[in-house]
Amino acid sequence: MRACGEVRLALYNACRALATPERGATLREMALHAQVGFDAARCTVRDMRRAGQLAPVRERVVDYRNRPVVEYAPAEPGTQLCAAGSNGLWRVWG
């Protein structure tokens, strides 16, 4: 497995910073906090959810959308984010 990309790592850290026991982080909140584009965030969060790195915890009604949005929280602490860990992002492949 290869190391995580910058967008995935930024979104994961944003989710960790924003999620509380009372309220999870929405896709838009994570994208704004991580300073990544919304389209890139949408695709990456979808992949992170499928990989088990983010877990949907509940839905929230927001004023910018007619339907409730999903709130996410990081998966359990024992779940590995990347094969090389977060420090492996800058590792040189050789």
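**Fold, pocket and a few local contacts**

Buried residues account for 32% of the 94 residues in the protein. The model is a predicted one, and its secondary structure is quickly told: there are 3 helices and 2 strands, and read from the N terminus the elements go α-α-α-β-β. As for how the chain comes back on itself, contacts between residues at least 6 apart in sequence were looked at, and 57% of these join residues at least 24 apart.

One such long step can be followed from Arg8, a residue of helix α1 (residues 6-18). Arg8 and Val45 sit 37 residues apart along the sequence, yet their C-alpha atoms are 7.8 Å apart in space. Leaving out residues up to four places away in sequence, Arg8 touches Thr44, Asp47, Met48, Ala51 and Gln53. Of these partners, Thr44, Asp47, Met48 and Ala51 fall within the 38-51 stretch that forms α3.

Next comes the pocket. The largest one has a volume of about 330 Å³. It is lined by 14 residues, and those closest to its centre are Leu27, Arg65, Val69, Val70 and Tyr72. Three elements each give two or more residues to this lining, namely α2 (27-34), α3 (38-51) and β2 (69-74). Helix α3 supplies the largest share, with 5 residues. Sorted by class, the lining holds 8 nonpolar residues, 5 charged ones and 1 polar one.

What about the aromatic rings? A search through the whole structure turns up 0 aromatic pairs. A ring does have a charged neighbour, though: Arg28 lies over the face of Tyr64, 3.9 Å from the ring centre. By its number, Arg28 belongs to α2, which spans 27-34.

A last detail concerns the backbone at Gln35, which is found in the loop between α2 and α3. Its phi is near 60 degrees, a positive value in a residue that is not glycine. For context, most residues other than glycine have a negative phi. Is the Gln35 side of this loop buried or exposed? Gln35 has a relative accessible area of 73% and therefore counts as exposed, the cut-off for that class being over 50%.

Taken together, α3 comes up twice in this account: the helix gives the largest share of the pocket lining, and residues in its range are among those touched by Arg8.

Definitions and conventions
Residues numbered from 1 in each chain as written. Predicted model: local features only at pLDDT ≥ 70, side-chain atom pairs only at ≥ 80, totals over all residues. Heavy atoms only, no water. 1 Å grid on protein atoms, 1.4 Å probe; cavity = no way out; pocket = protein on both sides within 12 Å on 5 of 7 lines; lining within 4 Å. Points joined across faces, edges and corners; volume = space filled by probe spheres on them. Helix = DSSP H or I, 4+ residues; strand = E, 2+ residues; numbered from the N terminus. Nonpolar A, V, L, I, M, F, W, Y, C, P; charged D, E, K, R; others polar. Contact = heavy atoms within 4.5 Å. Phe/Tyr/Trp six-rings, centres within 6.5 Å; stacked < 30°, edge-to-face > 60°. Lys NZ or Arg CZ within 6 Å of the ring centre and 35° of its normal. Buried < 20%, exposed > 50% of the residue type's maximum accessible area, 1.4 Å probe, protein only.
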